[in-house]
Amino acid sequence: MADWKIPQEPRYTHYFLEDQMQENLDRGRKPQAFDTPFRYSDSGKCARAMAYSSMGYEGEPFDGPSTLVTGIGTYVHELVQDAIGRRHPDAQFEIASQVIVSSGHTDGLIPSDDLGLVQYELKTMGGTAFKKSIGFTNKGMSPNPQGPRYTAVLQAALNAQANNCDTIIIGHISLEAISRQAAARMGLSEWQRVIAEWVIPKQVWEPLADQEIARQLGILDDLNAGYLPIPIAIDDEGGEVNLDPSNSRYWQCQYCSYKTQCEADGGGRVPKEEGK
Ligand code: SF4
């Protein structure tokens, strides 16, 4: 008798993702908030990938796992926004805005007494990324947690600048809870097992927004001059990293929907061939 404990290729369970992927294909690219070359969600991303996107290249569609992760993220965003709205009726969500070359929608604009107008940004993630962000290690809580991803801070900073905000709050929700035992050992509260928030004042985020806008203007300069930019992205420390799709250590390339195109075009600053 076959060992039933060996997992099988799914017969039923993946249907909903098949449907979601088809719906995404039928719907096409998500419309932009405004007709700008870039989106806030591009912040810190590979310059080359941003160039392809602004040139209208379709890229490869999301695969099943990415569709699942994105779908859960969207669902959780809606739950969080609804709950904030019930408690803060003056809060606004999904408001479109633009700043010079970039545009997008805010996760939330929440007026507050102590922090002024708050630009709220939410990220959902797996347990490993969450633990890294709060500094959870097997040896104890690190005094130097990674915090939110640098790209998330840049995205929030552009949104904050466009909406004249005072403060950014980034919320993380983990889709996998830290165990009760580990939380007790580390002194984490019930909420802290799955949720974290960071408050970022204007003197921190404003210069970052200016730097990112300057970077995006540089990408646009390359495009206007007829070139694809050098594939440089911003890493988690805010430094520049020169990507290479043929090198598996660059995770950005492994998840990039323009990888095939990029490999065909080659590295460095190369002439663009529109519509290729
Ligand atoms: S494959 Fe890598 S280098 Fe090329 S566009 Fe994508 S992220 Fe940038």
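Which residue in β5 does Leu109 stand opposite? In this predicted model, the residue facing Leu109 is Gln119 of β5, and this pair is a convenient way into the sheet that holds both strands. A second pairing can be read off alongside: Ile110 has Val118 of β5 as its bridge partner. Altogether, β4 and strand β5 (residues 117-125) are joined by 4 bridges and run antiparallel. The hairpin that the two strands make has 5 residues between them, and in this hairpin Gly116 adopts a positive phi near 70 degrees.

The sheet itself is open and has 4 strands, in the order β4-β5-β8-β9, with mixed pairing. Because β4 (108-111) and β9 (195-201) each have a single partner strand, they stand at the edges, and one side of each is left without a neighbour in the sheet. On average, neighbouring strands here are turned by 25 degrees against each other, direction ignored. Two helices can be followed onto this sheet. Helix α3 (residues 64-87) packs on the sheet and touches β4, β5 and β8 (167-174), with a direction that makes about 145 degrees with that of β5. Helix α4 (residues 127-134) also packs on the sheet, where its contacts are with β5, β8 and β9, and its direction makes about 140 degrees with that of β8.

A further open sheet is built from 3 strands in the order β1-β3-β2, again with mixed pairing. Here β1 and β2 (96-99) are the edge strands, each with a single partner, so one side of each is left without a neighbour in the sheet. The two pairings can be told apart by their sense. β2 and strand β3 (residues 102-105) pair in the antiparallel sense over 4 bridges, whereas β1 and β3 pair in the parallel sense over 2 bridges. Ser103 of β3 is a helpful residue to look at, since it serves both sides: Gln98 stands opposite Ser103, and Ser103 is likewise the bridge partner of Arg39. Ser97, in turn, has Gly104 of β3 as its bridge partner. The hairpin of β2 and β3 has 2 residues between the strands, and in it Ile100 takes a positive phi near 55 degrees. Lying across β2 and β3 is α5, which runs at about 95 degrees to β2.Helix α5 also leads to the interior. The largest nonpolar core has 40 residues, and those with the most contacts inside it are Val153, Ala156, Ala157, Ile168 and Trp205. At least two residues of this core come from each of α2 (47-54), β4, β5, α5 (150-162), β8, α7 (202-224) and β11 (232-234). The largest share, 8 residues, is supplied by α5. Ala157 shows how the elements meet: residues up to four places away in sequence aside, Ala157 touches Ile168, Trp205, Leu208, Ala209 and Glu212.

Another contributor to the core, α2, is mostly covered, with 7 of its 8 residues buried. These are Ala47, Arg48, Ala49, Met50, Ala51, Tyr52 and Ser53. The cover over the buried residues of α2 includes β1 (38-39), α7, β10 (227-228), β11 and α9. Just after α2, Gly56 takes a positive phi of about 90 degrees.

Helix α2 appears once more at the ligand. The residues surrounding the ligand are Cys46, Arg48, Ala49, Pro231, Leu243, Pro245, Gln252, Cys253, Cys256, Tyr258, Lys259 and Cys262. Within this shell, α2, α8 (251-254) and α9 (259-265) each supply at least two residues. Sorted by class, the shell has 9 nonpolar, 1 polar and 2 charged residues.

Finally, is Gly226 buried or exposed? Gly226 is placed in the loop between α7 and β10. Gly226 counts as exposed because it has 10 C-beta neighbours inside 10 Å, and a residue is exposed if 12 or fewer lie within that distance. Its contacts, leaving aside neighbours within four places in sequence, are with Pro271 and Lys272. Ile95, by comparison, is 131 residues from Gly226 in sequence and 33 Å from it in space, C-alpha to C-alpha.

Notes:
Residues numbered from 1 in each chain as written. Predicted model: local features only at pLDDT ≥ 70, side-chain atom pairs only at ≥ 80, totals over all residues. Pairing = 2+ DSSP bridges. Axes fitted to C-alpha atoms, helices over the stretch in contact; angles between N-to-C directions. Contact = placed C-beta atoms within 7 Å. Core = buried A, V, L, I, M, F, W, Y, C linked by C-beta atoms within 7 Å. Buried ≥ 20, exposed ≤ 12 C-beta atoms within 10 Å, placed from the backbone. Near = placed C-beta within 6 Å. Nonpolar A, V, L, I, M, F, W, Y, C, P; charged D, E, K, R; others polar.
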